[in-house]
Amino acid sequence: METKGQLLTVAVNAAFAAGGEIMEVYTDPTQDFGIELKADNSPLTRADRRADAAIAAALKPTGISLLSEESAHAPYAERSSWQRLWIVDPLDGTKEFIKKNGDFTVNIALAEGGRPTLGAIYVPATRELYWGAEGMGAGKLTAVGPAARFASASELAAASTMLPLGGGQRGFTVVASRSHMNDETQAYIDRLQDSHGHIATLSRGSSLKICMVAEGKADVYPRFAPTMEWDTAAGHAIATAAGCSVVRADDGKPLTYNKEDLHNPWFIVSRNGAATQTPMSHEL
């Protein structure tokens with residue numbers, strides 16, 4: 001059986017491979033994105049499909065079951081017996097990809113017993129990589145192109161800056177969704193402002209919001225809008241490895257994975273106990 005470090009290396013290299021497929025579509029002026037609408041009216045592009053195929057091929061040698069947004073999902077009667085599984089979003093932020101604003105990512109996580117234990121998030125447009133794993137901490141690489149490959153977790157760690165990053169003083173900062181700001185989120189931010197005084201806000205797309213908290217650029221990311229397990233699993237693993245919490249907004253318990261219903265509840269990502277608001281409830 002592969003070690004956690006070996007599986008992390010596989011995930012990182014798979015993310016790079018997917019990033020290469022995405023950027024071939026993104027940067028080719030002759031390439032039609034091939035946009036389709038899925039059953040939930042969310043977009044699907046040629047880049048999603050190519051990235052999904054690249055990841056599936058890279059992860060297949062591990063023999064670990066795969067749950068990907070863009071592939072057929074095994075019924076829960078089968079999935080419930082999986083003690084380990086890969087949870088993948090080949091192109092998180094497809095709307096941002098179509099807008100060509102760079103805020104899209106490749107998300108790959110390993111979940112064990114319902115917990116995400118390692119994750120890799122690659123940002124193809126900016127050539128940034130975030131990674132994290134239980135017992136290994138979390139790190140970030142910059143200026144790393146999709147052709148990059150690592151032979152081991154130790155090589156990966158040696159090339160990385162560990163998270164959270166140090167830096168100068170900043171005010172209390174909230175990161176929010178570029179596309180899903182709503183009344184509940186604004187009310188939560190208003191309550192934070194009552195507690196902390198003036199606060200700064202960042203707006204990012206895709207799983208980069210979780211990365212901002214893991215990196216130390218933001219204190220809290222509240223998400224009071226629908227998400228799926230593949231949207232958060234990799235970021236959850238990275239944030240936890242970087243010393244953050246990722247908890248339900250209603251009861252403060254950690255998000256869990258490989259559920260019968262793959263929707264996430266509302267949740268809050270926070271650093272250093274920053275999320276001290278009264279838990280909120282919701283119904284999907």
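Arg127 sits in the loop between β6 (115-123) and β7 (128-133); helices (H or I, at least four residues) and strands (E, at least two) are DSSP runs, numbered from the N terminus. This is a predicted model, where local features need pLDDT of at least 70, side-chain atom pairs count only at pLDDT 80 or more, and totals for chains, interfaces and linings use all residues. Residues are numbered from 1 along each chain as its sequence is written, and side-chain values use heavy atoms, with hydrogens and water left out.

Back to the backbone. Arg127 is not a glycine, yet its phi is positive, at about 60 degrees. Its relative accessible area is 41%, so Arg127 is partly exposed. On this scale, buried means under 20% relative accessible area, exposed means over 50%, and partly exposed is in between (1.4 Å probe, protein chains only).

Ser206 has a positive phi too, about 55 degrees, and is not a glycine either. You'll find Ser206 in the loop between β11 (200-204) and α7, and it counts as buried at 11% relative accessibility. Here are the positive phi values side by side:

| Residue | Place | Phi |
|---|---|---|
| Arg127 | loop between β6 and β7 | about 60 degrees |
| Ser206 | loop between β11 and α7 | about 55 degrees |
| Gly216 | just after α7 | about 100 degrees |

There's a cis peptide bond to look at as well: the one from Leu163 to Pro164, with omega near 0 degrees. Pro164 belongs to the loop between β9 (161-162) and β10 (173-177).

Now for α7 itself. This helix covers residues 208-215, and 8 of its 8 residues are buried. The list even takes in charged types, including Lys209 and Glu215. Cys211 is one of the buried residues of α7, with a relative accessible area of 1%.

How many disulfides does a search of the whole structure find? The count is 0, where a disulfide is a pair of cysteine sulfur atoms within 2.5 Å. Cys211 is in no disulfide, and the nearest cysteine sulfur, in Cys244, is 10 Å away. Seen from the other side, the sulfur of Cys244 has Cys211 as its closest cysteine partner at 10 Å, so the separation is too far for a bond. Cys244 counts as buried as well, at 8% relative accessibility.

The helix pair α1 and α2 is worth a look. Two packed helices are described by the angle between their axes and the distance between the axes. For α1 (residues 4-27) and α2 (residues 46-59), the axes come within 8 Å and cross at roughly 155 degrees. Axes here are lines fitted to C-alpha atoms, for helices over the stretch in contact, and angles run from 0 to 180 degrees between N-to-C directions. That makes α1 roughly antiparallel to α2 (angles over 145 degrees).

Contact means heavy atoms within 4.5 Å. On the α1 side, the residues that meet α2 include Val10, Ala14, Ile22 and Val25; on the α2 side, Ala47, Ile55 and Leu59 are among them. The contact divides into 12 nonpolar, no polar and 4 charged residues.

Glu21 lies in helix α1 and counts as partly exposed at 24% relative accessibility. Which residues does Glu21 contact, leaving aside its neighbours within four places in sequence? They are Arg50, Ala51 and Ala54. Glu21 and Ile210 are 189 residues apart along the chain, and their C-alpha atoms are separated by 24 Å.

Methods:
Parallel < 35°, antiparallel > 145°, perpendicular 65-115°, else oblique.
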